[in-house]
Amino acid sequence: ADWQKADPALGVNKWSTFLGDELPPVIDAAYNTNGRNAIAGISSSGTSVLNLAIAHPNRYEAVGSYSGCAGVADPIGQWNVRLVVEGRGQADAENMWGPYGGAGWRANDPVINAAKLRGTKLYISSSTGLPGEFDTPQHEQVGVGLADQIVLGGGIEAMTYVCTRQLVDRLAELRIPATVDLRPTGSHSWLYWQEQLHKSWPFFESALS
């Protein structure tokens with residue numbers, strides 16, 4: 001996001017301008033691309049990529065959101081944003097979008113603004129949070145521990161599943177096509193996102209060709 005105010009902890013943030021306007025031409029020049037762009041994100045950045053597509057129409061051919069929480073204006077989504085911005089960033093989320101639940105939060109809610117995603121190819125995925133094939137001792141996430149992966153990671157993924165269903169249902173209501181993969185099991189952890197990246201690559205390859 002381009003923050004509304006400078007933050008004492010994080011300073012001046014203009015990430016939408018950087019990622020959506022300034023960075024693509026640099027990449028195009030450095031790598032001699034065909035000028036077609038796609039963007040994808042996991043977890044909290046699974047919200048950001050949708051907002052970038054909305055804020056920069058025609059910039060991205062395709063967008064992928066893995067285990068994101070698109071709705072940010074409702075209490076669950078707002079709590080998720082504050083968990084990251086305030087909990088991890090030690091910043092004030094009101095400096096980003098203004099008063100909690102206000103116009104700034106609604107303006108940056110991809111569920112509320114889903115109509116603006118029409119014409120962009122969408123890949124949306126999440127798991128239910130129930131333990132799955134990668135939530136086993138042999139697949140334990142380094143530095144996390146299996147118990148936290150199952151309990152904490154499962155709880156977070158259960159919330160993102162609810163958020164993802166909100167987005168999927170809104171897109172269906174608006175008759176906006178999307179490729180959707182909702183897994184019956186899986187925690188909020190890396191091997192599931194790696195699997196989704198591999199599954200979604202043909203989708204992106206087609207959009208970028």
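The second largest pocket is lined by Leu19, Leu23, Pro24, Ile27, Asp28, Thr33, Arg36, Asn37, Ala38, Ile39, Tyr60 and Leu208. Its volume comes to about 190 Å³. Keep in mind that this is a predicted model. Besides the pocket, there's a disulfide between Cys69 and Cys163 to look at, plus a strand, E3, with parallel partners in E2 and E4.

**The second largest pocket**

- Two elements, H1 and E1, each give two or more residues to the lining of this pocket.
- H1 is the top contributor to the lining, with five residues.
- Sorted by class, the lining of the second largest pocket has eight nonpolar residues, along with two polar and two charged ones.

**The disulfide and its neighbour Asn80**

- There's one disulfide in the structure, and Cys69 and Cys163 are the pair that makes it, with 1.9 Å between their sulfur atoms.
- The two cysteines tie together distant parts of the chain: Cys69 is in the loop between E2 and H3, Cys163 is in helix H6 (residues 146-173), and 94 residues separate them.
- As a reminder, a disulfide is a covalent bond between the sulfur atoms of two cysteines.
- Which way does the disulfide of Cys69 and Cys163 turn, left-handed or right-handed? The torsion about the S-S bond is about -45 degrees, so the disulfide is left-handed.
- Both ends are tucked away: Cys69 counts as buried at 7% relative accessibility, and Cys163 counts as buried at 2%.
- Asn80 sits in helix H3 (residues 75-88) and touches both cysteines: setting aside neighbours within four places in sequence, Asn80 is in contact with Cys69, Met159 and Cys163.
- Asn80 has a relative accessible area of 14%, and because buried means under 20%, Asn80 is buried too.

**Strand E3 and its partners**

- Why is strand E3 (residues 121-127) described as largely enclosed by the rest of the structure? Six of its seven residues are buried, so the strand has the rest of the structure around it.
- On one pairing, strand E2 (residues 62-66) runs parallel to E3, and five bridges join the two.
- Within reach of that pairing you'll find Gly64 standing opposite Tyr123 in E3.
- E3 also pairs with strand E4 (residues 179-183), again parallel and again through five bridges.
- For a landmark in the E3 and E4 pairing, look at Ser125, whose bridge partner in E4 is Asp181.
- A general point for reading side chains here: in a regular strand they alternate between the two faces of the sheet.

**Helix H2**

- Helix H2 (residues 45-55) is another element largely enclosed by the rest of the structure, because eight of its eleven residues are buried.
- Those buried residues are Gly46, Thr47, Val49, Leu50, Asn51, Leu52, Ala53 and Ile54.
- What covers the buried residues of H2? The cover includes helix H1 (15-31), strand E1 (38-42), E2, helix H4 (94-97), E3 and H6.

**Tyr100**

- Tyr100 is in the loop between H4 and helix H5 (103-107).
- Is Tyr100 buried, exposed or partly exposed? Its relative accessibility is 28%, so Tyr100 counts as partly exposed.
- Not counting residues up to four places away in sequence, Tyr100 touches Gln78, Arg82, Glu86, Asp92, Ala93, Glu94 and Trp105.
- Tyr100 and Val72 are 28 residues apart along the chain, and their C-alpha atoms are separated by 9.9 Å.

**Two asparagines with positive phi**

- Some background first: most residues other than glycine have a negative phi.
- Asn32 goes the other way, with a positive phi near 50 degrees.
- You'll find Asn32 in the loop between H1 and E1, where it counts as exposed at 69% relative accessibility.
- Asn58 has a positive phi as well, near 75 degrees.
- Asn58 belongs to the loop between H2 and E2, and with a relative accessible area of 78% it is exposed.

Methods
Residues numbered from 1 in each chain as written. Predicted model: local features only at pLDDT ≥ 70, side-chain atom pairs only at ≥ 80, totals over all residues. Heavy atoms only, no water. Helix = DSSP H or I, 4+ residues; strand = E, 2+ residues; numbered from the N terminus. Buried < 20%, exposed > 50% of the residue type's maximum accessible area, 1.4 Å probe, protein only. Contact = heavy atoms within 4.5 Å. Pairing = 2+ DSSP bridges. Disulfide = S-S within 2.5 Å. 1 Å grid on protein atoms, 1.4 Å probe; cavity = no way out; pocket = protein on both sides within 12 Å on 5 of 7 lines; lining within 4 Å. Points joined across faces, edges and corners; volume = space filled by probe spheres on them. Nonpolar A, V, L, I, M, F, W, Y, C, P; charged D, E, K, R; others polar.
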